[in-house]
Every structure is written in C-alpha cells, then in structure tokens.
Number of protein chains: 2
Amino acid sequence: MRSVGSRIELLKIIAHPVRIRILEELTKGVKCVSDFEEFLEISQPNVSQHLSLLRTHGIIDYYMDGRLRCYFLRDPIIPDIIKLLKKDYIEELPAPACCSVTKKGTYPGKRSH
Amino acid sequence: MRSVGSRIELLKIIAHPVRIRILEELTKGVKCVSDFEEFLEISQPNVSQHLSLLRTHGIIDYYMDGRLRCYFLRDPIIPDIIKLLKKDYIEELPAPACCSVTKKGTYPGKRSH
DNA sequence: ACAATATATTCAAATATTATTATATTTTTA
DNA sequence: TAAAAATATAATAATATTTGAATATATTGT
C-alpha cells in the first residue's frame, strides 16, 4: 500500500490543468502523444514533458505501436480522483456548534457570544 | 456547482503535507491555531500562513472564541479527498490490450510486437 | 542509407511556492 | 490602561515549477 505521504506527492503532480485533462482522456482509453497535441493545443515538447512527469511518478505508462507511443493509465486512484473532481456538492459542511471547545479552548475568559 | 477548473485549483492548494494534516485534523473537529502549532511542530506564523491560504480559498473558516480562532471545515469535498488518500488499492489498472488503436493509430507500418 | 515522422531531452528564463524573521493586530486579564 | 496571549501580516530568501526554444533520438518508408 502507498503511504499517505506519497499520495500527497501524487496530488501535487496531478494538480495541473493540462495534466488533469490528459488523465481525464486516459480514463476513456489509450492515446498517443499527437492525439494530445491536437486537443490540448500546446506544443509537442510540452505535451511530452507532462507525460514524462506523469510517467516517472508511475501514474501512467505506454507501449510502442510502430513509432507511436500509446499511453495508458496505471495508478488506480486516478479514475476515483477524476470522479471526485466532477462530483456535485450542494452545500457547505454544517458549521460546528458555536463555541465548541478546542484542545486549548477550556478558555478561562468570557466567550464573545 | 464548482467548475472542474476551480477544483484543480483546490487540489493544488491542498497538495501539501502540512495542509493535508491540518485538514485531516479538521475532519475530526474544531481546532485552534495553537492546537496545530503543537502537533505540527512548525512555527506559529507558518501555521497561520497555511490556515490563511486554506481560508482564502474557502476550504476552511473560523469563529472566534475569546482570543482563540476556532477553525473548521467548510468545503464538503475535503472529507472525501482525505478518505481517497487513505484508500487501499491492491493492483495497478489492467494494461490495455496490446496495440489497441489510438486516434492516429491506424498506423500503416508493422507493429513492433 | 536517407528522409520523414513521432516523440523525448536539455537548458534557460519566468514565475510561483515555501519557510523564516520580524512586526503588527486583537482580545483579555491584571 | 498596560501587559499578556493568540494570532496575523509583510518582507525576504531559498527553492521549485512551468514553459519555450532548440536539439536529439528512434522508428519507418523509400
């Protein structure tokens, strides 16, 4: 099992608009570099850089098909994260009851309300 | 509903070891700054900076209790993310069938395997 | 073998993030 | 009302991230 620490590292890596779009596409199926180049509208070297970063972190991998590199998802947490990013939340979390006590909050003075 | 773009921004903000620990604690309940100072073992200004960042992004908020600031969770996605970070995945995603066709992949040449 | 295609790597510049130090603000107690 | 406690803000320095430009590599077609 991966540690929470390495999961945070993973979050950091994927928390980028281009990389999320790459991963979103890969949840749908295999794609090669020039497929991405087309719909991401960024330069080929930049696409490669993002793919490379994702790959060195074990998030994606590829196989060769002629001179194409066909990328695919490897880390099973990705589809769950993508799903979560699209999940609809209606409200904020309920505010805690006023003046609940924090660790230090056996505060001697008067409470302000 | 929040856009996927703003959710990516949120990911970026929370993808930091200290901030995840703060949020993890807040899923358990209200905490004040000096509570964090204690168990995070970082300086008070640094705690405040992290809290401030989380607050300006609407992820957490606080109420006053005397001179204490009692912080609590606001964004309902946080508990779900924390849960996901701790979720146990046994294997990698299944590799796609060899040589499946990408958009450009009606490749005329021989396949390398 | 040579040209073309698909992709990767390297370097540098611009920008963003992080932690530290010093100082300020606010509320409460004496 | 002055001191203290709790917390915030600002400025800085160190570091990391991001992109762009140029170049390199690898595979296939001729």
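Which residue takes a positive phi near 60° in the hairpin of β2(A) and β3(A)? In this predicted model, the residue is A:G66, and the hairpin has two residues between its strands. The corresponding element of chain B is also a hairpin, formed by β2(B) and β3(B) with two residues between them, and B:G66 in its turn has a positive phi of about 60°.

## Chain A and its sheet

Chain A has five helices and three strands, and from the N terminus on its elements run α-α-β-α-α-β-β-α. Of the 113 residues of this chain, 24% count as buried. Among contacts in chain A between residues at least 6 apart in sequence, those that join residues at least 24 apart make up 49%.

The three strands form an open sheet in the order β1-β3-β2, with antiparallel pairing. The edges are taken by β1 (31-32) and β2 (60-65) of chain A, each of which has a single partner strand, so that one side of each is left without a neighbour in the sheet. Strands of a sheet pair through backbone hydrogen bonds, in either a parallel or an antiparallel sense. In chain A, β1(A) pairs with strand β3 (residues 68-73) over two bridges, and A:K31 stands opposite A:Y71 in β3(A). The pairing of β2(A) with β3(A) runs over six bridges, and here A:D61 stands opposite A:F72.

Within strand β1 of chain A lies A:C32, which is buried because 22 other C-beta atoms lie within 10 Å, where 20 or more are required. Although A:C32 and A:R69 are 37 residues apart in sequence, their C-alpha atoms are 5.4 Å apart in space.

## Strand pairing in chain B

In chain B, strand β1 (residues 31-32) pairs with strand β3 (residues 68-73) in the antiparallel sense over two bridges, while strand β2 (residues 60-65) pairs with β3(B), again in the antiparallel sense, over six bridges. The bridge partner of B:K31 in β3(B) is B:Y71, and that of B:M64 is B:R69.

Leaving aside its neighbours within four places in sequence, B:Y71 is in contact with B:L26, B:V30, B:K31, B:C32, B:L51, B:I60 and B:Y62. B:Y71 is also listed among the residues with the most contacts inside the largest nonpolar core, which has 42 residues; the others so listed are A:I14, A:I60, A:Y71, B:I14 and B:I60.

## Helix α1 of chain B

The buried residues B:R7, B:L10, B:L11 and B:I14 belong to α1(B). They cover an arc of only 105° around the axis, which puts them on the same side of α1(B). What covers these buried residues includes elements of both chains, namely α1 (4-14) and α5 (77-86) of chain A together with α2 (17-28) and α5 (77-86) of chain B.

B:I8 lies in helix α1 (residues 4-14) of chain B, but counts as partly exposed, with 19 C-beta neighbours inside 10 Å. Not counting residues up to four places away in sequence, B:I8 touches A:A15, A:P17 and A:I20. B:I8 and B:D80 are 72 residues apart in sequence, and the distance between their C-alpha atoms is 15 Å.

## The two α5 helices

Two packed helices are described by the angle between their axes and the distance between the axes. For α5(A) and α5(B), the angle is about 180° and the axes are 11 Å apart; the two helices are therefore roughly antiparallel to each other. In this packing, A:I77, A:D80, A:I81 and A:L84 in α5(A) meet B:I77, B:D80, B:I81 and B:L84 in α5(B).

## Positive phi outside glycine

Most residues other than glycine have a negative phi. The table gives a residue of each chain with a positive value, together with the loop in which it lies and its C-beta neighbours.

| Residue | Phi | Loop | C-beta atoms within 10 Å |
|---|---|---|---|
| A:E41 | near 55° | between α3 (33-40) and α4 (44-56) of chain A | 8 other C-beta atoms |
| B:E41 | near 55° | between α3 (33-40) and α4 (44-56) of chain B | 8 C-beta neighbours |

With these neighbour counts, A:E41 is exposed, and B:E41 likewise counts as exposed.

Conventions:
Residues are numbered from 1 along each chain as its sequence is written. Chains are lettered from A and ligands numbered from 1 in the order in which they are written. This is a predicted model: local features need pLDDT of at least 70, side-chain atom pairs count only at pLDDT 80 or more; totals for chains, interfaces and linings use all residues. Two strands pair if DSSP finds at least two bridges between them. Helices (H or I, at least four residues) and strands (E, at least two) are DSSP runs, numbered from the N terminus. A nonpolar core is a set of buried Ala, Val, Leu, Ile, Met, Phe, Trp, Tyr and Cys residues joined through C-beta atoms within 7 Å. A residue is buried if 20 or more other C-beta atoms lie within 10 Å of its own, exposed if 12 or fewer, and partly exposed in between; C-beta atoms are placed from the backbone. Two residues are in contact if their C-beta atoms, placed from the backbone, lie within 7 Å. The arc is that of the directions from the helix axis to the C-beta atoms. Axes are lines fitted to C-alpha atoms, for helices over the stretch in contact, and angles run from 0 to 180 degrees between N-to-C directions. Angles under 35 degrees count as roughly parallel, over 145 as roughly antiparallel, 65 to 115 as roughly perpendicular and the rest as oblique.
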